[in-house]
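Work through the exercises below on helix packing and burial. Each task is followed by a solution in steps.

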Amino acid sequence: MSLIDSFRKRKQYDTVPAALVPHTSIPDGMWKMCSDCKKIIYHDNVKQNFFCCPHCGYHFPLNATDRIRQVCDEGSFVPYADDFGNVDPLEFPGYSAKKQQAAEKSGSDEAVVTGVCDIDGHRVVLAVMDSHYMMGSMGWVVGERVALAIERAIEAGLPVVAFCASGGARMQEGIVSLMQMAKVSGALSKLAEAGLLYVVVNTYPTMGGVTASFAMLGDIILAEKGALIGFAGRRVIEQTINQKLPDEFQSAEFLLQHGFVDRVVERKDMREVLSLILSLHKRD
């Protein structure tokens, strides 16, 4: 009996017998589905296209390592060695274990990586948030790392470039998390007083306390194509005002139309745009 005949007689079985199913070995991660157009895409094609869908242009969320690889000159990134240990100010149940799981999933020890690098030959201090680590939520370590990076930029006379990707404040740290909004905003005020440039790039997603602080304090505010940017979530707002919001509400394109961001940039063009901005604002 042929394989086709076997499938035609499938009603004889509760399931297809394993012996009749062709054994094909497909490595994990070879294919992925686009979250927008729902097409199945070969992973290497996505990677070669700056981790964007080759069909609809959807920008997949990047981890910090891939973001640094795309933006920085090869081999130029030197991370700041800020290791604050296991911070758990409220001794929140299960928090330490959750952070360990997040580290294994993302490959980062926290939701932000900071350091110094070159972007097309321009020396900058870089902060890159990683939504793969607890949705990029902002706790004490995130705030401390970003604030210290800004202070180092002031000492060295360097501009700051930040990539934001966050679900907001980290609930497991309570008020300690919310205090980071003021801490980082204060550091940025000192950066402005020193006459140094701050460029921020909002990516998918940039929400909550990060949006309410350093994501919207840039001298120049960029956003990746299709990025979700806002404070409260759509359903919370709709329930509060008892109105239906536009479909494009809180998208990067919507915020550009309403003056909240200066430019929406496709990922493939990000390095070139940053290089242009840095060259135009280069200090003598």
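For two helix axes, an angle under 35 degrees counts as roughly parallel, over 145 as roughly antiparallel, 65 to 115 as roughly perpendicular, and the rest as oblique. The model used here is predicted.

**Exercise 1.** Classify the orientation of helix 3 and helix 10, and state which residues make the contact.

Solution.
1. Helix 3 covers residues 64–71 and helix 10 residues 267–280; their axes come within 9 Å and cross at roughly 55°.
2. This angle falls in none of the three named ranges, so the two helices are oblique to each other.
3. Helix 3 contributes Arg-67, Gln-70 and Val-71, while helix 10 contributes Arg-267, Arg-271 and Leu-274.
4. Sorted by class, that contact has two nonpolar, one polar and three charged residues.

**Exercise 2.** Determine how many residues of helix 3 are buried, and what they pack against.

Solution.
1. Buried means under 20% relative accessible area.
2. Six of the eight residues in helix 3 are buried, namely Ala-64, Asp-66, Arg-67, Ile-68, Gln-70 and Val-71.
3. Their packing partners are helix 10 and strands 4, 5, 6, 7 and 8.
4. At the start of helix 3, the backbone nitrogen of Thr-65 lies within 3.2 Å of a side-chain oxygen of Asn-63.

**Exercise 3.** Repeat the classification for helix 5 and helix 6.

Solution.
1. The axes of helix 5 (residues 140–156) and helix 6 (residues 174–193) come within 8 Å, crossing at roughly 10°.
2. Helix 5 is therefore roughly parallel to helix 6.
3. Contact residues include Trp-140 and Ile-150 of helix 5, and Val-184 and Leu-188 of helix 6.
4. By class, the contact has 11 nonpolar, two polar and three charged residues.

How values were computed:
Residues are numbered from 1 along each chain as its sequence is written. This is a predicted model: local features need pLDDT of at least 70, side-chain atom pairs count only at pLDDT 80 or more; totals for chains, interfaces and linings use all residues. Side-chain values use heavy atoms; hydrogens and water are left out. Axes are lines fitted to C-alpha atoms, for helices over the stretch in contact, and angles run from 0 to 180 degrees between N-to-C directions. Helices (H or I, at least four residues) and strands (E, at least two) are DSSP runs, numbered from the N terminus. Contact means heavy atoms within 4.5 Å. Ala, Val, Leu, Ile, Met, Phe, Trp, Tyr, Cys and Pro count as nonpolar, Asp, Glu, Lys and Arg as charged, and the others, Gly among them, as polar. Buried means under 20% relative accessible area, exposed over 50%, partly exposed in between (1.4 Å probe, protein chains only). A polar contact is a pair of N or O atoms within 3.5 Å; within protein, one must be able to donate a hydrogen and the other to accept it, and residues adjacent in sequence count only if both atoms are side-chain atoms.
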